[in-house]
Amino acid sequence: MAPLPTDCRTPPRKTLLIVYHTMTGGTLQMARAAATGASQEQAVDVRLVPAAQAGPADVLAADGLIFATPENLAAMSGLMKDFFDRSYYAAFERINGRPYACLVCAGSDGSSAVRQIERIATGWRLRRVADALIVCTHAQAPEEILRPKHIDAADLARCEHLGAALAAGLALGIY
């Protein structure tokens with residue numbers, strides 16, 4: 001059987017890794033929405049992995065990344081930081097230029113968590129392909145902070161759109 005012409009071959013599948021941590025469910029809802037959006041792209045495999053289980057092999061195998069974290073004490077969550085601590089040097093200089101985005105479920109403003117992730121992504125030489133998506137729950141009192149979160153449909157749609165856009169860019173070879 002003759003080989004197919006080069007222009008008829010199916011391009012290799014891409015992988016989008018979504019690493020998340022959640023305490024009260026808000027970040028998980030956001031990460032799942034991004035995964036739902038990304039899953040609409042048939043040429044992209046989407047992996048949704050908790051930060052406690054994700055590691056360097058996951059990062060190295062990914063063509064694109066989304067980091068999703070709650071804002072805890074004006075910072076990314078400790079388990080998200082732990083993921084970066086465990087993965088950083090093993091992936092250093094090996095993932096340069098890969099696209100990324102981040103999602104933050106914030107109680108106040110989320111900007112410090114975003115800055116932390118952006119600094120790590122800069123060290124990894126990742127390419128930010130979207131502004132950070134911050135959903136503010138305005139939870140300030142202890143009982144509000146610890147209460148399970150419900151992210152509204154409009155914010156989930158924004159997360160889904162971000163996932164779809166990143167996956168489409170991967171599939172098209174833009175990123």
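Let's start with Glu93. Glu93 sits in the loop between helix H3, residues 78-91, and strand S5. Its phi is near 70°, a positive value in a residue other than glycine. Glu93 is partly exposed, with a relative accessible area of 42%. Keep in mind that this is a predicted model.

Ala74 is another loop residue to look at. Find Ala74 in the loop between S3 and strand S4, residues 75-76. Phi of Ala74 is near 60°, again positive in a residue that is not glycine. Ala74 counts as partly exposed, because its relative accessible area is 44%, and partly exposed means between 20% and 50%.

Now step back to the whole chain. How many helices and strands does the chain have? Six helices and seven strands. Read from the N terminus, the order is β-α-β-α-β-β-α-β-α-β-β-α-α.

On to overall dimensions. The C-alpha atoms fill a box of roughly 70 × 35 × 25 Å along the principal axes. The radius of gyration is 17 Å. A compact globule of 175 residues would have a value near 16 Å, so the chain agrees with that. Of the 175 residues, 43% are buried. Take the contacts with a separation of 6 or more: 84% of them join residues 24 or more positions apart.

Next, the strands. Strand S1 covers residues 14-20, and six of its seven residues are buried. S1 runs parallel to strand S2, residues 44-50, with seven bridges joining them. In that pairing, Thr15 stands opposite Asp45 in S2.

S5 and S7 are also a parallel pair, with four bridges. Which residue in S7 is the bridge partner of Cys105? That partner is Val135. Now look at the two faces of S7, residues 133-136. Leu133 and Val135 make up the covered face. Ile134 and Cys136 make up the uncovered one. So that covers the strands.

Over to the largest pocket. Its volume is about 380 Å³. Its lining has 21 residues, and the closest to the pocket centre are Glu71, Asn72, Leu73, Gly107 and Ile145. Which elements give two or more residues to this lining? Helix H1 (26-39), strand S3 (64-72), strand S5 (99-106) and helix H5 (142-146). S3 gives the most, with three residues. What is the make-up of the lining by class? Nine residues are nonpolar, ten are polar and two are charged. S5 therefore turns up twice in this talk: in the pairing with S7, and in the pocket lining.

Last stop, Ala167. This residue is in helix H6, residues 153-172. Is Ala167 buried or exposed? Buried: its relative accessible area is 0%, and the cut-off for buried is under 20%. What does Ala167 touch, leaving aside neighbours within four places in sequence? Ala38, Glu41 and Val44. Val44 falls within strand S2, residues 44-50, and Ala38 within helix H1, residues 26-39. For a distance across the model, take Ala167 and Gln116. They are 51 residues apart along the chain, and their C-alpha atoms are separated by 24 Å.

Technical notes
Residues are numbered from 1 along each chain as its sequence is written. This is a predicted model: local features need pLDDT of at least 70, side-chain atom pairs count only at pLDDT 80 or more; totals for chains, interfaces and linings use all residues. Side-chain values use heavy atoms; hydrogens and water are left out. On a 1 Å grid over the protein atoms alone, a cavity is a set of points where a 1.4 Å probe fits but cannot get out, and a pocket is an open set with protein on both sides within 12 Å along at least five of seven lines; lining residues have an atom within 4 Å of a point. Grid points are joined across faces, edges and corners, and a volume is the space filled by probe spheres set on the points. Ala, Val, Leu, Ile, Met, Phe, Trp, Tyr, Cys and Pro count as nonpolar, Asp, Glu, Lys and Arg as charged, and the others, Gly among them, as polar. Buried means under 20% relative accessible area, exposed over 50%, partly exposed in between (1.4 Å probe, protein chains only). Two strands pair if DSSP finds at least two bridges between them. The radius of gyration is taken over C-alpha atoms; the globule rule is 2.2 Å times the number of residues to the power 0.38. Contact means heavy atoms within 4.5 Å.
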